Amino acid sequence: MSIITLTTDFGTGSPYVAIMKGVIFSINPAATLVDITHAIPPQDVREGAIVLEDVATRFPEGTIHVAVVDPGVGSGRPIVFARVAGRGFVAPDNGLLSRVTRRHPPELLVRLENPKYWLEPVSSTFHGRDIIAPVAAHLSLGLDPTLLGSAHPLLGSLDWPNPVQRQDRVEGVVLRIDSFGNLVTNITADMLAGRPMDERACVVCNIYETWGIYNAYSEHPHGTFIALVSSQNCLELAIVGESAAARLGIQVGSPVVVAWE
Amino acid sequence: MSIITLTTDFGTGSPYVAIMKGVIFSINPAATLVDITHAIPPQDVREGAIVLEDVATRFPEGTIHVAVVDPGVGSGRPIVFARVAGRGFVAPDNGLLSRVTRRHPPELLVRLENPKYWLEPVSSTFHGRDIIAPVAAHLSLGLDPTLLGSAHPLLGSLDWPNPVQRQDRVEGVVLRIDSFGNLVTNITADMLAGRPMDERACVVCNIYETWGIYNAYSEHPHGTFIALVSSQNCLELAIVGESAAARLGIQVGSPVVVAWE
Amino acid sequence: MSIITLTTDFGTGSPYVAIMKGVIFSINPAATLVDITHAIPPQDVREGAIVLEDVATRFPEGTIHVAVVDPGVGSGRPIVFARVAGRGFVAPDNGLLSRVTRRHPPELLVRLENPKYWLEPVSSTFHGRDIIAPVAAHLSLGLDPTLLGSAHPLLGSLDWPNPVQRQDRVEGVVLRIDSFGNLVTNITADMLAGRPMDERACVVCNIYETWGIYNAYSEHPHGTFIALVSSQNCLELAIVGESAAARLGIQVGSPVVVAWE
């Protein structure tokens, strides 16, 4: 098995993605390549980190996840190999791995230093092609990752907002807007455990509020603003059959409060 | 051979698609995954049904087609396995399969009931991940589909407009707008057989008309509004080198009439 | 190895792409299919040609590149097989291959004439499905390309603007805008060799100018308008962290001059 996934901000249909695939196939023509997404907004490391957290461990152990959202390309920022939950990751150390490693502490961290596994010459603007893709291809052929460089002490992180649990409320933010326009928050189902989920729970986002936290969209008529526990076990706000983000003008970072009387 | 195709309304580059792929590869790492499209407009079951009809039988027999356009997720709507024209389909029974089965009566219909082949636990909002993806993966490994549940009597349908053939005319509608903005109608080449295709045939869509039904775009200058028999053997309206939908403001459902004097 | 890549103007998520894949898998179920891009603007043969030049030789020798940007479908324009730099290409002879063959003279040119390797019947509107896809699939199974038809004398070209080197300046144009909004020019690094790259080099595009040609985005603060040598070894203009095309309103074809005092 040699599954390599790709997550970038290059844009869907970008030739830069195809170039990375060509580099990988030139080293391992039998690799199985899977696009996670190339629709990360340009240089939005946070969104890339959230996607990796949501998706990475759904793939089998041994999968190699390549991630390139890299505003610092050409600067001194390191590129690393990380083994996390039995999967390999090759990515710049700029916070892209900071969510998946919050859940699963890294088992191995190596800083990419050995140019033997890179293309030659290495450009200053496309390390995805010149370093990350060839390293991933070699790893998919069984390369021992400790040959890639020396031990890397600690991954950089980003300032992730932490939800706050109080006696009568839980306070969080909208973390991500999905392709349906649903508002995915950073309030997990765990934080709601033991609290009433019926109409005693009041959920507020910006100036909008709804009562009760449900399990399915289909319990409510089209157009209803609802709160539910999402398939990712997070509190989610949605308008049934429509885009809550577009209809309500809500953006990533907006505050969300669940309050009980 | 274990080709699994995916058709959803999740949006191009959606992490939800990647999650389904991860689930499939976790069960069958050797599967060949093919994206049909993830650009079905949200919850547009009709468009999904049309795409499946156009594409499904182009794939080899034995292909497993996964389709998730599922506004009723979490309600009681069944999920089914259908064998149609030698291909397998796994989809909610909400009309998504109603066009492909108009052409080819189903050879086998099973309602998914056996949780042995599902993820555990099953959410109320993402059956694509929890039921449909793992079932497709098991089928690609050779699972007998009758083990998935009990026989399903009849697939639900949708109200598809039927073209009308009269003595001096054929009346239909615009069924689909393709990515070039061409207007694909529900009038098939069969319905035009034996009628004059030259300038005696007047084709009207909304307030626009053209004479003659041709075979190729390239017979006409750029910017000409033409009718032709499409590659799918349907009457199609197009503006050579431009988007007829955008230029003429025509939408799905608009009436189309072919009239002969 | 049987890698087949696809480059079209069908639009991301187009069912027409999926139909071509179904045709290929029906002939060679073991093919490895790779999407280069389907986001070429409709009928923009020039953009397709540029993408093929950038990407094709990144794939291993033996790869078969399928390209369908084909405004002349149904007219008499030939479809050809070309072997270029050890890779195979199947495409209409309308200029799509005119950039990759500027770099690497074709080793073999065959005009597709033998309907034995086509679908039957052949439509007048979708040769990608009826001729190009099945021919590519047969080639991936090892078919000798000389069996596809007779020798084709010469590929058609397009009028590509050539940069001009003068004593105190190099004059070119914006050739392509990438998905980050960076402006890729037709001025290659070779044309700048031996000239000062520091602040003595003045780079002008439309009414905008910048001094110095650099190697990395990250040397400059967010929002700076810079010139650099791109990962493809071309002069590129960019705004760090933003879209230069959107911010400056610059389009493909805009003049770019590098001048030294």
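Select helix H2 of chain B and helix H1 of chain C in this predicted model: the crossing of H2(B) and H1(C) is right-handed. The stretches to highlight are residues 45-55 for H2 of chain B and residues 15-27 for H1 of chain C. Their axes come within 9 Å and cross at roughly 30°. Angles under 35 degrees count as roughly parallel, and H2(B) and H1(C) are therefore roughly parallel to each other.

Next, display the side chains at this crossing. On H2(B), select B:Val51, B:Asp54 and B:Val55; on H1(C), the residues they meet are C:Pro15, C:Ala18 and C:Ile19. Coloured by class, the contact of H2(B) with H1(C) shows five nonpolar residues, one charged residue and no polar ones.

Now move to chains A and B. Here 29 residues of chain A are in contact with 29 residues of chain B. The area buried between the two chains is about 2200 Å², with 63% of it given by carbon and sulfur atoms. On the chain A side, select A:Arg58, A:Phe180 and A:Ser231, which lose the most area to chain B and together make up 29% of what that side buries. Only 3% of the interface residues of chain A are also interface residues in chain B, so the copies meet through different surfaces.

Finally, superpose chain A on chain B. A turn of 120° with a shift of 0.0 Å along the axis lays chain A on chain B with an RMSD of 0.0 Å. The two copies are thus related as by a three-fold rotation axis. To find this axis from chain A, centre the view on A:Thr12, whose C-alpha comes closest to the rotation axis among the residues of that chain, at 4.5 Å.

Note on methods. Residues numbered from 1 in each chain as written. Chains lettered and ligands numbered in written order. Predicted model: local features only at pLDDT ≥ 70, side-chain atom pairs only at ≥ 80, totals over all residues. Heavy atoms only, no water. Least-squares fit on C-alpha atoms with pLDDT ≥ 70 in both. Contact = heavy atoms within 4.5 Å. Axes fitted to C-alpha atoms, helices over the stretch in contact; angles between N-to-C directions. Helix = DSSP H or I, 4+ residues; strand = E, 2+ residues; numbered from the N terminus. Parallel < 35°, antiparallel > 145°, perpendicular 65-115°, else oblique. Left-handed = near helix turned anticlockwise from the far one by under 90°. Nonpolar A, V, L, I, M, F, W, Y, C, P; charged D, E, K, R; others polar. Buried area = accessible area lost by both parts, 1.4 Å probe.
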